[in-house]
Amino acid sequence: MSTLKVIEVLSQSEKSWEDAANEAIIKASKSLNNIKSVYIKEMEAKVENNRITEYRINAKISFELD
């Protein structure tokens, strides 16, 4: 039986919500091993001059403990 831990992270991207999620995983993987899943809890966007300029997510990342 494995044990998982969940952390909550914030991430942003100028491209898309998907890119923000990928960035969250890339950054988390620098200090975490065995990442198993990401759950996007909330999405929001920064708007300037009637255009989206930044995509933001609040995500939960689960990883297996050694």
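For the charge analysis, Lys and Arg are counted as positive and Asp and Glu as negative, while His and the chain ends are left out. On this basis the chain, which is taken from a predicted model, carries 10 positive and 11 negative charges, and the mean positions of these two sets are 2 Å apart.

The secondary structure comprises 1 helix and 3 strands, and the elements follow one another from the N terminus in the order β-α-β-β. The C-alpha trace spans about 50 × 20 × 15 Å along its principal axes. Of the 66 residues, 26% count as buried, and the chain exposes about 5,100 Å², of which carbon and sulfur atoms supply 45%. Among contacts with a separation of 6 or more, residues 24 or more positions apart account for 63%.

The largest nonpolar core of the chain consists of 10 residues, namely V9, A20, A21, A24, A28, L32, I57, A59, I61 and F63. Two or more residues of this core are given by helix 1 (17-28) and by strand 3 (51-64). One of the core residues, A21, touches I40 and I57 when residues up to four places away in sequence are not counted.

Two polar residues were examined individually. The first of these, S11, lies in strand 1, which covers residues 4-13. With a relative accessible area of 13%, S11 is classed as buried because this value falls under the 20% cut-off. Leaving aside neighbours within four places in sequence, S11 is in contact with A20, E23, A24, Y55, R56 and I57, and of these residues A20, A24 and I57 are also listed in the largest nonpolar core. A polar atom of the S11 side chain lies 2.7 Å from the backbone oxygen of A20.

The other residue, E64, is found in strand 3. Its relative accessible area of 24% lies between the limits of 20% and 50%, and E64 is therefore assigned to the partly exposed class. When residues up to four places away in sequence are not counted, E64 touches S2, T3, L4, N33, N34 and K36. With K36, the side chain of E64 also forms a polar contact of 3.5 Å. By contrast, the C-alpha atoms of E64 and E18, which stand 46 residues apart along the chain, are separated by 23 Å.

Notes. Residues numbered from 1 in each chain as written. Predicted model: local features only at pLDDT ≥ 70, side-chain atom pairs only at ≥ 80, totals over all residues. Heavy atoms only, no water. Helix = DSSP H or I, 4+ residues; strand = E, 2+ residues; numbered from the N terminus. Buried < 20%, exposed > 50% of the residue type's maximum accessible area, 1.4 Å probe, protein only. Polar contact = N/O pair within 3.5 Å; in protein donor to acceptor, adjacent residues only side chain to side chain. Contact = heavy atoms within 4.5 Å. Areas by Shrake-Rupley, 256 points an atom, 1.4 Å probe, with all protein chains shown as cover. Charge placed at Lys NZ, Arg CZ, Asp CG, Glu CD. Core = buried A, V, L, I, M, F, W, Y, C linked by side-chain atoms within 4.5 Å.
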